[in-house]
Amino acid sequence: MKEPEIHDNKIVIPSDQTLIAKVDEFVESRLRDRNVDDSIIADIAICATEVVNNGIIHGNKDNREKTVTLEMIFASDEVTITVTDQGEYFNPAEVASPVDDANLMREVGRGIFIVKNLMDQVDIEQANGGGTRVILIKKLK
């Protein structure tokens with residue numbers, strides 16, 4: 001697979017960072033179809049692409065034979081986005097806090113911190129097969 005596969009509210013991409021823009025377009029278009037406010041769309045798109053990017057780099061180790069899947073489920077007042085990679089399980093407890101004095105100048109390690117601050121709920125769990133599943137929930141109103 002070289003190009004993303006799209007099925008309704010699901011996109012599957014090979015582990016290729018050049019495809020992140022496709023994920024952003026996919027997420028934004030699904031949210032615009034539901035008349036979601038632009039400021040909420042921006043927060044969700046930032047978080048979704050950050051988590052997909054983490055799946056590509058940290059989970060799948062840029063292995064283009066592996067994929068990252070993003071699926072959106074809409075309820076009346078919220079969206080649930082599930083991002084699953086095929087790599088090693090990522091344990092968030094093992095990541096140092098980016099706001100600790102020792103980590104303030106580091107250039108990495110802020111993604112999950114930002115995602116947790118922009119979304120209403122973030123759950124990280126081991127996916128079937130050993131990868132990582134990140135579940136993002138955001139109220140739409």
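**Exercise 1. Find the residue that stands opposite V83, and place the pair in the sheet.**

Solution. This is a predicted model.
Step 1. Look across from V83: V134 of strand 6 stands opposite.
Step 2. Widen the view to the two strands. Strand 4 pairs with strand 6 (residues 132-139). The pairing is antiparallel and has seven bridges.

**Exercise 2. Describe how strand 3 is joined to strand 4.**

Solution.
Step 1. Locate strand 3 at residues 67-74.
Step 2. Give the direction and the bridges. Strands 3 and 4 run antiparallel, with seven bridges between them.
Step 3. Pick one bridge: I73 has T80 of strand 4 as its partner.
Step 4. Check the link. Three residues lie between strand 3 and strand 4, and the two strands form a hairpin.

**Exercise 3. Decide whether strand 4 is mostly covered or mostly open.**

Solution.
Step 1. Take residues 78-85, which make up strand 4.
Step 2. Count those under 20% relative accessible area, the cut-off for buried. Seven of the eight residues are buried.
Step 3. Conclude: strand 4 is mostly covered.

**Exercise 4. Explore the largest nonpolar core, then zoom in on L70.**

Solution.
Step 1. Size the core: it has 31 residues.
Step 2. Name the residues that touch the most other members. They are V27, L31, I44, V52, L70, I81 and L136.
Step 3. Trace the elements. Those giving two or more residues include helix 1 (20-32), strand 3, strand 4 and strand 6. Helix 2 gives the most, with eight residues.
Step 4. Zoom in on L70. Set aside its neighbours within four places in sequence; its contacts then include V23, F26, V27, A48, V52 and I81.
Step 5. Add the general rule: in soluble globular proteins, nonpolar side chains tend to be buried together.

Key
Residues are numbered from 1 along each chain as its sequence is written. This is a predicted model: local features need pLDDT of at least 70, side-chain atom pairs count only at pLDDT 80 or more; totals for chains, interfaces and linings use all residues. Side-chain values use heavy atoms; hydrogens and water are left out. Buried means under 20% relative accessible area, exposed over 50%, partly exposed in between (1.4 Å probe, protein chains only). Helices (H or I, at least four residues) and strands (E, at least two) are DSSP runs, numbered from the N terminus. Two strands pair if DSSP finds at least two bridges between them. A nonpolar core is a set of buried Ala, Val, Leu, Ile, Met, Phe, Trp, Tyr and Cys residues joined through side-chain atoms within 4.5 Å. Contact means heavy atoms within 4.5 Å.
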